[in-house]
Amino acid sequence: MFNHKPATSESRPLFFIMKKKEEHPWIKLKKYPHIGFPSENKDISKLESYIMDEDKIAKHSFLPFLHRSIFQRKFRPRKDNLRNKKSKKRRRGKLKPKAREIYFASHFDAQIYSYYSYLLSKKYNALLETKTFDKAVVAYRKIEMEGKKGKHKCNVDFAHETFQFIKDNQDKELTVIVADVTKFFDSLDHKILKQKWSQVWDGSTTLPKDHFRVYKSLINMRYVNESLLFRNYKDQIWVKTREENDPKSFDRLQKPIKQKRFLKDNNAIAYCEKTEFLKNSLDLITKSKATKGIPQGTALSATLANIYMLDFDQEVQDFIDSDSVKGFYQRYSDDLIIVVPRDQQEEAIRHLRSLVDDKVNLEIHPDKTKVYHFQNEDEKFIGFEVDEHTGERKNKTLEYLGFDYDGQRVLIKTAGYSKFNRSMKRSFKRATSLAIHAKTTDDKLHKSSLFKRFTYKGSKRRMVLNGKTKTYRYDWGNYLSYVEKANASFKEFNNSDVIKKQSRKSWNRFNKLMKSAEAQIEDSKKN
């Protein structure tokens with residue numbers, strides 16, 4: 001049943017590998033299972049020599065993408081206005097899950113997309129230095145924080161810049177417009193994409209042969225459904241396992257895995273070998289019939305999305321900078337926010353929708369456009385949502401990049417904490433089930449990983465050490481690390497630690513779940 005194939009151990013020292021990665025920051029090795037084995041550190045020289053050769057890429061045969069639908073549950077207040085007895089808040093109903101279609105490139109192809117993303121990003125960022133909207137485009141870019149070399153801004157900093165502009169202009173009546181482009185990646189016009197790609201690369205109207213090959217692999221996408229591929233190879237999935245008596249060496253072997261959700265637990269590294277797939281499974285490949293769009297999920301997709309919006313960003317910035325407006329514009333991928341004087345509200349919305357249609361052949365759906373008013377009332381600066389057409393006031397505050405702002409203080413959206421708490425509950429349920437039912441583990445609740453994921457004990461971000469030796473691997477903390485960062489960024493703005501106080505209930509929930517899990521395990525022992 002088992003097919004054994006030893007993996008070659010690395011022969012190069014760690015400092016050599018890290019030096020290579022510093023020379024070529026586009027090299028980003030991943031471990032997700034795909035067609036063929038993941039690239040390893042020992043493959044870096046091979047990656048360099050092949051991918052940096054324009055003639056080779058111009059003739060390269062790309063493997064099909066792996067397609068996965070990711071469903072995100074959404075909870076919204078119920079329309080029947082039923083309220084909870086204790087909190088008196090409207091009960092939340094579960095909406096139909098929203099599917100995100102993600103496409104994973106094979107490991108070798110992923111490095112090609114990463115390399116061309118790296119090349120194009122350099123050209124794009126250099127071009128942006130000559131544009132007035134350089135600071136407005138913030139997604140998928142490394143924007144260094146002022147006075148902090150090597151430290152880059154994230155969504156917390158971008159939200160802070162936006163709210164700070166509003167706060168600095170609280171002597172005026174402001175309108176804030178938040179919109180997102182409908183099906184952004186799925187709707188990119190191929191002709192416009194090729195034109196902007198060529199313009200950014202060398203100012204011409206055609207792409208070099210290697211770039212054109214990469215472009216064609218995205219617009220004429222071929223893919224394999226992940227569930228179908230798993231079903232075909234579930235009895236012989238490639239996994240990575242440690243050799244007996246030698247914890248530093250690894251083997252590759254094939255074994256059956258019952259369900260797709262157990263792939264990670266079994267350290268799966270490949271569904272099948274490339275040669276096996278090309279020989280026996282070409283019938284699994286589907287060719288996309290879409291005449292617009294590019295796959296979401298490659299390293300290059302995000303860079304191309306920014307390049308695609310060049311003309312749009314310039315036009316919006318020109319409008320915002322005009323003498324009659326003097327407002328604020330920021331775009332985080334397909335999320336747009338502009339701040340204008342109240343008397344420019346109708347013109348701003350009209351201009352925004354017109355530009356999206358004329359310049360980039362996309363659409364901003366009216367239902368996805370939110371309008372907020374900020375103004376002084378009773379010597380207090382407040383913000384609230386209004387109906388775009390009637391101006392009717394709604395009981396909602398400005399939401400942007402995961403934060404709420406009402407003119408007085410900034411808070412993390414409750415949806416973020418809800419997602420964190422649901423994840424905590426699922427993890428406890430799974431850990432309890434393993435302790436009770438799994439034959440391969442003992443009957444104890446493994447608390448260390450739970451504390452690390454869901455409490456302050458795992459929130460510290462640090463380099464992982466092997467004794468006193470640096471490993472160049474990082475422990476990036478957990479959701480509470482993000483809370484700490486957000487609180488630090490907005491502490492002066494809020495004049496308090498109100499964001500940090502939001503997380504207090506998490507510790508109580510954690511302890512309740514811990515007690516419940518331990519009680520269930522004890523009851524199972526008695527029975």
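This briefing walks through the sheets and helix pairs of the structure above. Keep in mind that the model is predicted. The chain averages a pLDDT of 87, and 86% of the residues score at least 70. Two open sheets come up below, one with 5 strands and one with 3, and helix α5 packs against strands of both.

**Confidence**

- Take care with residues 1-19, where pLDDT stays under 50.
- For that stretch, the model has 33 contacts beyond four places in sequence.

**The five-stranded sheet**

- If you trace this open sheet from side to side, the strands come in the order β13-β14-β7-β15-β16, and the pairing is antiparallel.
- Strands in a sheet are held in pairs by backbone hydrogen bonds, and the pairing can be parallel or antiparallel.
- At the edges you'll find β13 (328-332) and β16 (380-386), each of which pairs on one side only.
- Going from one strand to the next, the twist averages 15°.
- β7 (residues 174-180) and β15 (residues 370-377) pair in the antiparallel sense, with 5 bridges between them.
- To find your way along that pair, look for Leu174, whose bridge partner in β15 is Phe374.
- Thr175, for its part, sits opposite His373 of β15.
- On to the next pair: β15 and β16 run antiparallel and are joined by 7 bridges.
- Phe374 turns up again here, standing opposite Gly383 in β16.
- β15 and β16 make a hairpin with 2 residues between them.
- In the turn of that hairpin, Asp378 has a positive phi of about 55°.
- Helix α5 (residues 155-168) lies across β7, β13, β14 (335-341), β15 and β16.
- The direction of α5 is at about 160° to β13.

**The three-stranded sheet**

- This open sheet has the order β17-β18-β19, again with antiparallel pairing.
- β17 (398-400) and β19 (410-412) are the edge strands with a single partner each, so one side of each has no neighbour in the sheet.
- Neighbouring strands here are turned by 25° against each other on average, direction ignored.
- β18 (residues 403-405) and β19 run antiparallel, joined by 3 bridges.
- A handy marker for that pairing is Asp404, which stands opposite Leu411 in β19.
- α5 packs on this sheet too, touching β17, β18 and β19, and its direction makes about 10° with that of β18.
- Helix α15 (residues 479-494) lies across β18 and β19 and runs at about 175° to β19.

**Helix pair α2 and α4**

- When two helices pack, the angle between their axes and the distance between those axes describe the arrangement.
- α2 (residues 44-51) and α4 (residues 107-128) pack at an angle of about 60°, their axes 11 Å apart.
- That angle makes α2 oblique to α4.
- The crossing of α2 past α4 is right-handed.
- Leu47, Tyr50 and Ile51 make the contact from α2, while α4 brings Phe108, Gln111, Ile112 and Tyr115.
- Sorted by class, the contact has 6 nonpolar residues, 1 polar and no charged ones.

**Helix pair α6 and α7**

- The axes of α6 (residues 190-202) and α7 (residues 209-219) come within 12 Å and cross at roughly 155°.
- That makes α6 roughly antiparallel to α7, and the crossing is right-handed.
- On the α6 side, the contact is made by His190, Leu193, Lys194, Trp197 and Trp201.
- On the α7 side, you can pick out His211, Phe212, Val214, Tyr215 and Ile219.
- The residues of this contact divide into 7 nonpolar, 2 polar and 1 charged.

**Helix pair α13 and α14**

- α13 (residues 414-437) and α14 (residues 447-454) pack at an angle of about 175°, with 11 Å between their axes.
- The two are therefore roughly antiparallel to each other.
- α13 makes the contact with Phe420, Ser423, Met424, Ser427, Phe428 and Ala431.
- From α14, the residues in the contact are Leu450, Arg453 and Phe454.
- By class, this contact has 6 nonpolar, 2 polar and 1 charged.

Note on methods. Residues are numbered from 1 along each chain as its sequence is written. This is a predicted model: local features need pLDDT of at least 70, side-chain atom pairs count only at pLDDT 80 or more; totals for chains, interfaces and linings use all residues. Side-chain values use heavy atoms; hydrogens and water are left out. Axes are lines fitted to C-alpha atoms, for helices over the stretch in contact, and angles run from 0 to 180 degrees between N-to-C directions. Helices (H or I, at least four residues) and strands (E, at least two) are DSSP runs, numbered from the N terminus. Angles under 35 degrees count as roughly parallel, over 145 as roughly antiparallel, 65 to 115 as roughly perpendicular and the rest as oblique. A crossing is left-handed if the near helix is turned anticlockwise from the far one by less than a right angle, and right-handed if clockwise. Contact means heavy atoms within 4.5 Å. Ala, Val, Leu, Ile, Met, Phe, Trp, Tyr, Cys and Pro count as nonpolar, Asp, Glu, Lys and Arg as charged, and the others, Gly among them, as polar. Two strands pair if DSSP finds at least two bridges between them. pLDDT is the predictor's confidence in each residue, from 0 to 100.
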